[in-house]
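Please open the structure in your viewer and keep the sequence panel beside it. The tour below proceeds from the whole chain to single residues.

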Amino acid sequence: MNETSFRIALVVVIVLTMVVTVYHRLQAAKSGEKISHKDEGYLSATVLRLAGLVLWISTFGYLFFPTYFQWAAMPLPAWLRWTGVVTGALCSLLMYWTLSSLGKNLTDTVVTRSEATLVTSGPYRWVRHPFYVTAALLMASVTLLTANWFIGISSVAVLALLAVRTPKEEQMLIERFGRQYRDYMATTGRFIPRIGR
């Protein structure tokens with residue numbers, strides 16, 4: 001299979017996902033509210049963004065400087081890589097559903113907006129953090145699509161940092177919504193749906 005086909009597919013997946021996320025971030029930013037990263041912790045925010053930068057560099061390296069990233073190539077069958085293409089494209093739809101449900105509550109930190117509302121509909125009916133679940137599925141898809149283990153390792157690092165940050169985010173939500181969020185936690189899984197829900 002021609003590697004160029006997978007590079008083109010990767011561009012499509014990136015563009016679809018970026019259109020969805022940028023649109024929703026711009027919509028949320030229209031409130032004009034300044035969101036501080038202080039409560040997240042500057043160290044935590046910096047480490048997460050550095051890990052994200054490594055992931056972007058490795059992904060764009062695969063696209064534009066393939067000879068420099070061949071050392072991380074994995075011998076995956078074409079059908080598995082095309083599975084990554086399809087699931088990656090489907091992730092853009094899941095991302096749209098997630099961010100549309102979240103609406104103007106969207107931030108890039110653990111801090112909630114002053115006018116935040118508790119969202120428990122859409123994908124939030126099934127898990128408390130569908131954005132992170134979607135990100136994990138997208139990163140797994142890109143790892144398969146590119147057949148590049150360094151992209152996979154970078155993805156795992158980003159996801160691990162998000163998972164470590166999640167309890168702090170949930171503590172902020174408890175402080176903001178109190179018993180309402182505690183009840184939501186009791187009935188809805190963090191990243192995996194609860195059985196019988």
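How much area does the protein chain expose, and what share of it do carbon and sulfur atoms supply? The exposed area is about 10,900 Å², and carbon and sulfur atoms supply 69% of it. Please note that this is a predicted model.

**The whole chain**

Begin with a cartoon view of the entire protein chain. It contains six helices and zero strands, so the order of elements from the N terminus reads α-α-α-α-α-α. Rotate the C-alpha trace until its principal axes are clear; along them, the trace spans about 55 × 40 × 30 Å.

Does the radius of gyration agree or disagree with that of a compact globule? For 197 residues, such a globule would have a radius of gyration near 16 Å; the protein chain has 18 Å, which agrees.

Next, colour the residues by accessibility. Buried residues make up 41% of the 197 residues. If the viewer can draw contacts, consider those with a separation of 6 or more: residues 24 or more positions apart account for 80% of them.

Now select the charged side chains. There are 19 positive and 10 negative side chains in the protein chain. The centres of these two sets lie 4 Å apart.

**Aromatic rings: F6 and W82**

Turn to the aromatic side chains, which form ten aromatic pairs. Select F6 and W82, a pair described as tilted, with 4.8 Å from centre to centre and 40 degrees between the planes. F6 belongs to helix 1 (residues 3-29) and W82 to helix 3 (residues 78-102), so the pair ties together parts that are 76 residues apart in sequence.

Are the two partners buried or exposed, or does one count as partly exposed? F6 counts as buried, because its relative accessibility is 1% and the limit for a buried residue is under 20%. W82, at 32% relative accessibility, counts as partly exposed.

**Helix 2: an aromatic cluster and F64**

Select W56, F60 and F64 together; they form one aromatic cluster. Then keep F64 alone. F64 lies in helix 2 (residues 42-64), and its relative accessible area of 54% makes it exposed. Draw a distance from the C-alpha atom of F64 to that of S100: the two residues are 36 residues apart in sequence and 32 Å apart in space.

**Helix 1: H24**

Return to helix 1 and select H24, which lies there. Which residues does H24 touch, not counting those up to four places away in sequence? They are Y96, L99, S100 and L106. H24 has 7% relative accessibility and therefore counts as buried. A second distance is useful here: the C-alpha atoms of H24 and S44, which are 20 residues apart along the chain, are separated by 24 Å.

**The loop after helix 3: W126**

Move along the chain to W126, found in the loop between helix 3 and helix 4 (130-146). With a relative accessible area of 34%, W126 is partly exposed. Its C-alpha atom is separated by 18 Å from that of S92, and the two residues are 34 residues apart along the chain.

**The loop after helix 4: A147**

Select A147 next, in the loop between helix 4 and helix 5. What is notable about phi of A147? The angle is near 50 degrees, a positive value in a residue other than glycine. At 3% relative accessibility, A147 counts as buried.

**Helix 5: E170**

The last stop is E170, placed in helix 5 (residues 149-177). Is E170 buried or exposed? With 2% relative accessibility, E170 counts as buried. Show the surrounding side chains as sticks: leaving aside neighbours within four places in sequence, E170 is in contact with R128, H129, Y181, M185 and R190.

Notes. Residues numbered from 1 in each chain as written. Predicted model: local features only at pLDDT ≥ 70, side-chain atom pairs only at ≥ 80, totals over all residues. Heavy atoms only, no water. Helix = DSSP H or I, 4+ residues; strand = E, 2+ residues; numbered from the N terminus. Rg over C-alpha atoms; globule rule 2.2 N^0.38 Å. Buried < 20%, exposed > 50% of the residue type's maximum accessible area, 1.4 Å probe, protein only. Contact = heavy atoms within 4.5 Å. Areas by Shrake-Rupley, 256 points an atom, 1.4 Å probe, with all protein chains shown as cover. Lys, Arg positive; Asp, Glu negative; His and termini not counted. Charge placed at Lys NZ, Arg CZ, Asp CG, Glu CD. Phe/Tyr/Trp six-rings, centres within 6.5 Å; stacked < 30°, edge-to-face > 60°.
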